[in-house]
Amino acid sequence: MAKQYWLVKSEPDVYPLEQLKKDGHTGWTSVRNYQARNFMRDQMKVGDRVLYYHSNAEPAAFVGIAEVSRASHPDPTQFDAKSEYYDPKSTKDAPTWMMVEIKYVDTFTRAVSRDECKKTKGLEKMSLFKQGRLSVAPVTEAEFEIVCRLGSR
DNA sequence: GCCAACGTTGGC
DNA sequence: GCCAACGTTGGC
């Protein structure tokens with residue numbers, strides 16, 4: 001399958017890009033939305049490029065790039081009774097929630113704000129604006145390239 | 001902190 | 001299967 005492009009959202013208070021840079025890679029756990037899960041389970045492949053977005057931030061913005069480093073596997077937090085993401089309906093044989101692992105690639109020299117994207121030709125139609133609440137969502141190759149270009153100047 | 005959007009749950 | 005109630009996300 002051709003390489004695909006994605007965005008992931010994280011609140012900087014919870015897991016900022018700087019933390020991913022320190023950790024090198026991280027499991028994208030705790031996603032409890034079926035659409036986002038389906039993207040991870042069915043479509044995200046090792047090597048796919050990922051825009052890293054800070055939500056609930058001032059301003060909300062794309063801040064850098066990551067890459068899928070491990071394909072879909074069960075999210076362990078669903079089996080952990082102590083986790084706030086525990087799902088009693090999930091079993092190891094039939095896990096409900098899947099995750100991928102992403103690795104740090106780069107931090108933009110400047111953040112590309114949501115507002116700027118809205119005003120930029122070629123980005124007005126980003127899925128982010130149509131369905132803003134998905135924590136994992138596809139972006140087109142063209143959108144990916146435009147955001148990267150804005151972020152590196 | 002407010003509130004709109006929207007996904008999920010549960011009664012019927 | 002419908003839909004109202006409820007909870008969560010996330011921009012502002």
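**Ser90, the DNA strand and the largest pocket**

A polar contact of 2.8 Å joins the side chain of Ser90 to the side chain of Gln78. The structure here is a predicted model, so everything that follows is read off predicted coordinates. Ser90 sits in a loop, the one running between β4 (61-74) and β5 (98-113). A loop residue might be buried or exposed; which is Ser90? Its relative accessibility comes out at 9%, so Ser90 counts as buried, the cut-off for that label being under 20%. As for who is around it, leaving aside residues up to four places away in sequence, Ser90 touches Gln78, Phe79, Pro95, Thr96 and Trp97. Gln78 thus turns up both in this set of contacts and as the polar partner of the Ser90 side chain.

Lys121 is another loop residue, placed between α3 (114-119) and α4 (127-130). With a relative accessibility of 73%, Lys121 counts as exposed, because that label applies over 50%. Glu143 is 22 residues away from Lys121 in sequence, and the two C-alpha atoms are 9.7 Å apart in space.

Next, the DNA. Which residues surround DNA strand B? They are Tyr34, Lys130, Gln131 and Arg133. Among the atoms of DNA strand B that come within 4 Å of the protein, sugar and phosphate make up 70%. Two of the surrounding side chains can be followed down to single atoms. Gln131 goes to the backbone, with a polar side-chain atom 3.0 Å from a phosphate oxygen of DNA strand B. Arg133 goes to a base instead: one of its polar side-chain atoms lies 3.4 Å from a base oxygen of that strand. Sorted by class, the surface near DNA strand B has two charged residues, one polar and one nonpolar.

That leaves the pocket. The largest pocket holds about 640 Å³ of space. It is lined by 17 residues, and those closest to its centre are Lys9, Thr29, Ser30, Tyr85 and Ser135. Two strands, β1 (5-10) and β2 (25-27), each put at least two residues into the lining. By class, that lining breaks down into eight polar, five nonpolar and four charged residues.

Methods:
Residues numbered from 1 in each chain as written. Chains lettered and ligands numbered in written order. Predicted model: local features only at pLDDT ≥ 70, side-chain atom pairs only at ≥ 80, totals over all residues. Heavy atoms only, no water. Near = heavy atom within 4 Å. Polar contact = N/O pair within 3.5 Å; in protein donor to acceptor, adjacent residues only side chain to side chain. Nonpolar A, V, L, I, M, F, W, Y, C, P; charged D, E, K, R; others polar. Helix = DSSP H or I, 4+ residues; strand = E, 2+ residues; numbered from the N terminus. Buried < 20%, exposed > 50% of the residue type's maximum accessible area, 1.4 Å probe, protein only. 1 Å grid on protein atoms, 1.4 Å probe; cavity = no way out; pocket = protein on both sides within 12 Å on 5 of 7 lines; lining within 4 Å. Points joined across faces, edges and corners; volume = space filled by probe spheres on them. Contact = heavy atoms within 4.5 Å.
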